[in-house]
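Colleague: I would like to learn how to read a model like this one. Could we go through it together, feature by feature?

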Amino acid sequence: MNGNIFNDVRAMHEKFGVTEWVEKNKNNPELLRKFLNFRIAKMMDEEMNELRSAAFVDDDAEGVVDSIIDLIVFGATILDALGVDGEKAWYEVYNANMSKRPGVKAGRPNKFGLPDMIKDAETWKAPNHDDNLGIIPEIL
């Protein structure tokens with residue numbers, strides 16, 4: 001553990017053979033697509049259901065924290081397994097969000113009084129992941 005989730009995920013993948021497995025199967029897009037579907041449709045859905053239950057049925061604060069972290073881990077592990085630089089992708093999205101300004105979106109209810117994140121047409125630039133897609137295009 002070094003405090004960087006993406007480095008920690010890489011270490012976890014090395015320990016459990018995920019990196020080697022993906023490398024061995026990189027020429028089998030059908031299998032890798034099934035792997036992606038399993039991670040998203042099964043594992044992340046399961047964690048979302050556990051999160052909902054912990055938050056709204058069981059009043060389980062520890063379960064809420066654990067489920068949210070598990071969702072982050074699943075997201076990061078999917079990116080890493082498929083050759084995406086998660087840290088680079090993070091900063092693309094982070095920088096795009098930070099270039100927005102606080103404001104109010106007309107016609108959108110705001111029950112909590114928090115500002116919306118407003119994109120200025122002249123200055124806002126969407127995140128661009130074109131050079132950081134790993135093997136995802138080959139398996140989709």
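Colleague: In what order do the elements of the chain run from the N terminus on?

Modeller: A good habit is to read the elements in chain order before looking at any residue. This is a predicted model, and its elements run α-α-α-α-α-β-β-α from the N terminus. That gives six helices and two strands in the chain.

Colleague: Is the chain spread out or compact next to what the globule rule gives?

Modeller: Here we compare the radius of gyration with the value the rule gives for a chain of that length. The radius of gyration is 18 Å, well over the 14 Å that the rule gives for 140 residues, so the chain is more spread out than a compact globule. Taken along the principal axes, the C-alpha atoms fill a box of roughly 50 × 45 × 30 Å.

Colleague: What percentage of the residues count as buried, then?

Modeller: The cut-off to keep in mind is that buried means under 20% relative accessible area, and exposed means over 50%. By that reading, 24% of the 140 residues are buried. The accessible surface of the chain comes to about 10000 Å², and carbon and sulfur atoms hold 58% of it.

Colleague: Which residues make up the largest nonpolar core?

Modeller: For a core, look for buried nonpolar residues whose side chains are joined to one another. In this chain the largest such core has nine residues: Val18, Val22, Leu32, Phe35, Leu36, Ile78, Ala81, Leu82 and Ile139. Helix H2 (18-24), H3 and H4 each supply at least two of the core residues. The largest share, three residues, comes from H3.

Colleague: Could we follow one member of that core? What does Leu32 touch beyond residues up to four places away in sequence?

Modeller: With those sequence neighbours not counted, Leu32 touches Trp21, Val22, Asn25, Lys26, Ile135 and Ile139. Asn25 is worth a stop, as its place is in the loop between H2 and H3.

Colleague: Is Asn25 buried or exposed in that loop?

Modeller: Compare its relative accessible area with the cut-off. Asn25 has 11%, which is under 20%, so Asn25 is buried. Leaving aside neighbours within four places in sequence, Asn25 is in contact with Leu31 and Leu32.

Colleague: And the end of the chain? Where is Leu140 found, and how far apart in space are Leu140 and Pro29?

Modeller: For a pair like this, read the separation in sequence and the distance in space side by side. Leu140 is found in the segment after helix H6 (136-139). Leu140 and Pro29 are 111 residues apart in sequence and 7.8 Å apart in space, C-alpha to C-alpha. Leu140 is in contact with Arg33 and Leu36, leaving aside neighbours within four places in sequence. Leu140 is still exposed, with a relative accessible area of 62%.

Colleague: What share of the contacts with a separation of 6 or more comes from residues 24 or more positions apart?

Modeller: Residues that are 24 or more positions apart account for 60% of those contacts in the chain.

Colleague: Let us turn to helix H5. Which residues does Ala89 touch, not counting those up to four places away in sequence?

Modeller: Ala89, whose place is in helix H5, touches Val84, His129 and Asn132. At 11% relative accessibility, Ala89 counts as buried. Met98 also lies in helix H5 (residues 86-98), but Met98 is exposed, with a relative accessible area of 55%. The C-alpha atoms of Met98 and Met117 are separated by 8.7 Å, with their places 19 residues apart along the chain.

Colleague: Which sign does the phi of Asp59 have, positive or negative?

Modeller: When reading backbone angles, check the sign of phi together with the residue type. Asp59 has a positive phi of about 50°, although it is not a glycine. Asp59 lies in the loop between helix H3 (29-56) and helix H4 (61-81). With a relative accessible area of 68%, Asp59 is exposed. The C-alpha atoms of Asp59 and Ala89 are 33 Å apart, for a sequence separation of 30 residues.

Colleague: How far apart are the mean positions of the positive and negative charges?

Modeller: The chain has 17 positive and 25 negative charges, and their mean positions are 6 Å apart.

Technical notes: Residues numbered from 1 in each chain as written. Predicted model: local features only at pLDDT ≥ 70, side-chain atom pairs only at ≥ 80, totals over all residues. Heavy atoms only, no water. Helix = DSSP H or I, 4+ residues; strand = E, 2+ residues; numbered from the N terminus. Buried < 20%, exposed > 50% of the residue type's maximum accessible area, 1.4 Å probe, protein only. Core = buried A, V, L, I, M, F, W, Y, C linked by side-chain atoms within 4.5 Å. Contact = heavy atoms within 4.5 Å. Rg over C-alpha atoms; globule rule 2.2 N^0.38 Å. Areas by Shrake-Rupley, 256 points an atom, 1.4 Å probe, with all protein chains shown as cover. Lys, Arg positive; Asp, Glu negative; His and termini not counted. Charge placed at Lys NZ, Arg CZ, Asp CG, Glu CD.
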